[in-house]
Amino acid sequence: MATTVAGSGTTPSRQAPARQPLGVLGILGLVLTGLGAFLLVSGALLRYFVAGDVVKFPLNEYQIATLAAPDVTYFSSAQAKPLSGVTMRVTRTTVGDSAAGSDHRAVWNRFSSYIDTTNGVPYDAVTQRSAFDRRSGEAVNCCGAAISSTAGTYTGPQSGQAFTWPIGAGQQPYQVFDTVLRRPVTADFSGTSTIAGIPVNRYTEVVRAAKVGTQKLPGQLVGLKGQATVTLDEFYQTTATYWVDPVTGTVLDEEHNEKLTLRSGGQQRLILLKGDFQVTPASVAAIAAADRPHRSAIVSITTTVPLLLGISGAVILAAGILLSVSRRRRPSRSTPRYQTVGMVP
Amino acid sequence: MLARLFIVIAIGAVLAVGGSMLTAIYLSGMTSGTPANAPLYNYGTG
């Protein structure tokens, strides 16, 4: 009696080893490997693809902010005289024009109504329509961008930050579009602080007296009684401070110390407006409350979730591969290398 | 076994790409649309 190996006839020959059944550990190793690869790739894509496509300024913005200024001096056209010591309130409404926006560009309209609350009369109303990049916040020229006020309508080019700072704003100077000068002005980084528990960057924009136009008015209004009408230069100066959430680029608080004057021959003849406008605490709280979910979402989608997915994916992938490889290197002893297929008498 | 590993890694990666694209489309939709009851010309006199 003799035992032969598998093959034809009685000639011993070696056959390729049969595919091993996977078993529970084998299936578990493959499942973990697939799951780990899924999580790892998902984490990387979330950080570098989804975040870049999703983290941007909304098309459907809607925000109302109130700025208040005590002790304002301004020239009342209705009363044809300067008024001082009045309180002025600015109601600023920002509404996104979703239909005019696109994946990369948002268009927002902002209407600012100036009311002399001491005398209960309107002072001015300014409308700003700007299109801007949905990640950098920088103005782009399209979509009927314009600035309108009692001083006239401007439809020329806009550049610099339109309504917001960039998403992920740095501690560096930025060019901010000034609606009075109608050109960008440098806002320097001037420190950090915290507003409603949110760490913010502070930026300061200083505009020294700059001529923005001319105005024709009766000479007697400005002490030039010998002249029926005079044409005076209009000068604008401001120190504006912005407190910006660097993660979302949202301006949480701002202060504008403005002065508009009429001058002739280098001499100030009339104050058109002088006041220190600051966002009210209630509006700051409301803006911060609206900003907080956006901030959390951006941090989650760019940092927290990709990191968790990446780490867990790497660990699970490594575990799956180790399980599969170690099982392959230690074949089961119950599986014979050679198989008895027949008996030769 | 190595072939099986590569196959499951590829399947995991492909599913991740598909899932990420769907996530991006879903989240993009949340930042667009028209806000309801959003008048622009608010004079603040009310």
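## Where the two chains meet

In this predicted model, the contact between the chains draws on 29 residues of chain B and 34 residues of chain A. On the side of chain B that touches chain A, the residues sort into 16 nonpolar, 12 polar and 1 charged.

## Chain B: one helix

Chain B is simple to describe, with 1 helix and 0 strands. That helix, α1(B), runs over residues 2-30 and so counts 29 residues. From first C-alpha to last it reaches 42 Å, close to the 42 Å expected at 1.5 Å a residue.

Of the 46 residues in chain B, 15% are buried. Within α1(B), the buried positions are B:L5, B:V8, B:I9, B:G12, B:A16 and B:S20.

## Chain A: overall make-up

Turning to the partner, chain A holds 2 helices and 15 strands. Its 345 residues are 33% buried. If you look at contacts in chain A between residues at least 6 apart in sequence, 59% of them join residues at least 24 apart.

## A kinked helix in chain A

Helix α1 of chain A spans residues 23-54, 32 residues in total, and reaches 43 Å from its first C-alpha to its last. The expected value at 1.5 Å a residue is 46 Å, and the helix comes close to it. Along the way there is a kink of about 45° in α1(A), and A:L46 is the residue to look for at its centre.

## The nonpolar cores

The largest nonpolar core has 47 residues. Those with the most contacts inside this core are A:L67, A:M88, A:A106, A:F132, A:Y242, A:V244 and A:L252. Strand β2 of chain A (residues 62-76) supplies the largest share of the core, 6 residues. A second core, separate from this one, has 24 residues and includes A:V54, A:V247, A:I316 and A:L317.

A:Y242 is a handy residue to inspect up close. Setting aside neighbours within four places in sequence, A:Y242 is in contact with A:A187, A:Y203, A:V251 and A:E254.

## How confident is the prediction?

Chain A averages a pLDDT of 88, and 89% of the residues score at least 70. The beginning of the chain is another matter: over residues 1-13 of chain A, pLDDT stays under 50. For that stretch the model has 17 contacts beyond four places in sequence. A word of caution applies here: where pLDDT is low, the predicted coordinates should not be read in detail.

Technical notes: Residues are numbered from 1 along each chain as its sequence is written. Chains are lettered from A and ligands numbered from 1 in the order in which they are written. This is a predicted model: local features need pLDDT of at least 70, side-chain atom pairs count only at pLDDT 80 or more; totals for chains, interfaces and linings use all residues. Helices (H or I, at least four residues) and strands (E, at least two) are DSSP runs, numbered from the N terminus. The expected span of a helix is 1.5 Å times one less than its number of residues. A residue is buried if 20 or more other C-beta atoms lie within 10 Å of its own, exposed if 12 or fewer, and partly exposed in between; C-beta atoms are placed from the backbone. Two residues are in contact if their C-beta atoms, placed from the backbone, lie within 7 Å. Ala, Val, Leu, Ile, Met, Phe, Trp, Tyr, Cys and Pro count as nonpolar, Asp, Glu, Lys and Arg as charged, and the others, Gly among them, as polar. A nonpolar core is a set of buried Ala, Val, Leu, Ile, Met, Phe, Trp, Tyr and Cys residues joined through C-beta atoms within 7 Å. The bend at a residue is the angle between axes fitted to the seven residues ending there and the seven starting there. pLDDT is the predictor's confidence in each residue, from 0 to 100.
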